[in-house]
Amino acid sequence: MATILIKHIRTLVQASQTPLGVVAGARMGGLPVVEDAFLLIEDEQISAFGSMNEAPNEADSVIDATGRMVFPCWCDSHTHLVFAGSREGEFVDRIRGLTYEEIARRGGGILNSARRLNDTPEEVLLEQALQRLREVQRYGTGAIEIKSGYGLSVEGELKMLRVIRELKKHSKMAIKATFLGAHALPPAYRENREGYLQLIESEMLPAIEAEGLADYIDVFCEKNFFSPQETERLILAGLKHGLKAKIHTNQFNCMGGIETSVRHGAISVDHLEVLNEAEIECLLSGNTIPTLLPGAPFFLNDHYPPARRMIEAGLPVALATDYNPGSSPSGKMAFAITLACVKMRMTPEEAINAATINGAAAMELQHSHGSIEQGKAANFFLTKPIPSLAYLPYAFGSDLIDQVFIGGALVA
Ligand code: NIG
Ligand code: FE
C-alpha cells in the first residue's frame, strides 16, 4: 500500500471528522478547517488527517506544504464539456447588440454547436474533450458532470455519451453523464415537436439504457425551448429508464420548471438567474439542490441569481461552471467562485461550500467527494503560499492552485 504524507499544511480546508453532507442556509458560512495540519493518503483514499502534532512519522513519500493550503478538489456539477469547435463569432455578435435568444432564433446557439458536432468524428470529439478535461483538472476539479445535448439526433446523442464513457477511461476524476436530448428542438422537427419527444422516448432513452451510457436526464425548460409540461413528460420518461433528473430552468423566465422538477424529485435545478419567492418556498419543501452557474450571466452580461436571498431563506446552493461553447466557455471553478463572491455577494466560505460538498451532492457524490474526510477519494489540491482562504477568490487572475491530486496520484 502506497502512502503519501502531506505535512505542515498551513490550513486544511473543508476537513471534517464526521460526514458533512449538504450544507444549507447559515451553515454555508462556516468551513471546518485544521490549522497546521497533516494529511495522510493511502493508495486512492484519504486515510487520516489532523493537527501536525499527531502526524505519523513516516510515509512512502512526504510533501512539505509549509505556507500552503490544501482544499478538496472542486466538484463541478454542471458542464457541457464535450463539444465541437467554438462559437466566438456569436460572442462578437452579442458585443454588437444581439441577444443570446435572438442568436438562437436565427439558428445559431445550440443548433450551431449541433451542426458542428454531427460533422465531427467521435475520435476528434474525444481528443478535444480530453484536452478540456485535462485543463479543468489543472484548475483543481476532481469530480465533474458532463452533458450530451449537442447531438439532437440518435447518432449524435449516443456519440456524445460514448465520448463521456471514453473520458472515464482516461481519468480518475469522478465523471457523471447526463443525457440532454431535449436541449433544443432540431430543425428537422420544427413542425413536429411531438415527433422529437417521441424520438427521445422511444429511441434515444432505450438505447442509452441498453448501453448504460447516462446517470441523469436533463431538459432545457425555457421559453422557445421546452415547456414545463414537456419537461415533466421527459423527467418521467427518464425515470422509467433509470435516470434521475437535473434540469436547466429559470435562466431567462420563471415558467414552472422549478415546481415540476421539485415535485418529481430532481437532484438539481440549474441556472435560476430569475427566481421568485414562491419558487424559493417550493425549493425549501424538497431536496432538489439549486445550482448556480455565474459564468453564464457573466458571459451573457445578464443578471445573477439571488444567492443571498436563497441562503438567507435556508437553502443549500451549489456552484458550477456550465462550461460550454455558447454561454460560458470556461471550466475554471475558481473564477465561478470569484463571481459568486463579487456578483452574488456570497462569502468565500459559502462559495467554497457551494463548489465542493454541495456540488458533490448535486452529483450524488457527497459520500465520496467534496470534503476531506477519512475514506473519501484522495482528490485534493495544494495552493501556492497564500495568506488566507479569502485570498483565493480575491486574487482572481493569479494561478494559485499548485499541485492537484486525483485518486491519490499527482496529476498536475
Ligand atoms: O447552460 N442554457 C442552455 N444550455 C447551455 C448553453 C448551451 C449553448 O449555448 O451552447 C447553458 O447555458
Ligand atoms: Fe448548461
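**Group meeting: fold and salt bridges of a predicted model**

Good morning. I begin with burial: of the 412 residues in the protein chain, 60% are buried. Please keep in mind throughout that this is a predicted model.

Let me turn to the overall fold. The protein chain contains 15 helices and 16 strands. Along the principal axes, its C-alpha atoms occupy a box of roughly 70 × 45 × 45 Å. What radius of gyration does the protein chain have? The value is 21 Å, which agrees with the figure near 22 Å for a compact globule of 412 residues. As for contacts with a separation of 6 or more, 73% of those in the protein chain are between residues 24 or more positions apart.

Next, the surface and the charges. About 15600 Å² of the protein chain is exposed, and carbon and sulfur atoms supply 50% of that area. The chain carries 37 positive and 50 negative charges, and the mean positions of the two sets lie 4 Å apart.

I come now to the pairing of charges. Side chains of opposite charge can pair when their charged atoms come close. How many salt bridges does the structure hold? There are 18, and I shall discuss some of them.

One of them joins glutamate 277 to arginine 309, with 2.7 Å between the closest N and O atoms. Glutamate 277 belongs to helix α9, residues 277–284, and arginine 309 to helix α11, residues 307–312, so this salt bridge ties together parts that are 32 residues apart in sequence. Glutamate 277 is partly exposed, at 41% relative accessible area. Arginine 309 also counts as partly exposed, because its relative accessibility is 32% and that class runs between 20% and 50%.

Helix α11 also holds a salt bridge within itself. There, arginine 308 and glutamate 312 lie four residues apart, about one turn of the helix, and their side chains meet at 3.1 Å, N to O. Are these two partners buried or exposed? Arginine 308 counts as buried, at 16% relative accessibility, whereas glutamate 312 is exposed, at 59%.

A further salt bridge links the side chains of glutamate 373 and lysine 376, at 3.4 Å from N to O. Here both glutamate 373 and lysine 376 are buried. Finally, Glu145, Lys147 and Asp218 are joined into one network by salt bridges that share partners.

To close, I would recall two points: the salt bridge between glutamate 277 and arginine 309 connects helices α9 and α11, and that between arginine 308 and glutamate 312 lies within helix α11. Thank you for your attention.

Technical notes
Residues numbered from 1 in each chain as written. Chains lettered and ligands numbered in written order. Predicted model: local features only at pLDDT ≥ 70, side-chain atom pairs only at ≥ 80, totals over all residues. Heavy atoms only, no water. Rg over C-alpha atoms; globule rule 2.2 N^0.38 Å. Buried < 20%, exposed > 50% of the residue type's maximum accessible area, 1.4 Å probe, protein only. Contact = heavy atoms within 4.5 Å. Areas by Shrake-Rupley, 256 points an atom, 1.4 Å probe, with all protein chains shown as cover. Lys, Arg positive; Asp, Glu negative; His and termini not counted. Charge placed at Lys NZ, Arg CZ, Asp CG, Glu CD. Salt bridge = Lys/Arg side-chain N within 4 Å of Asp/Glu carboxyl O.
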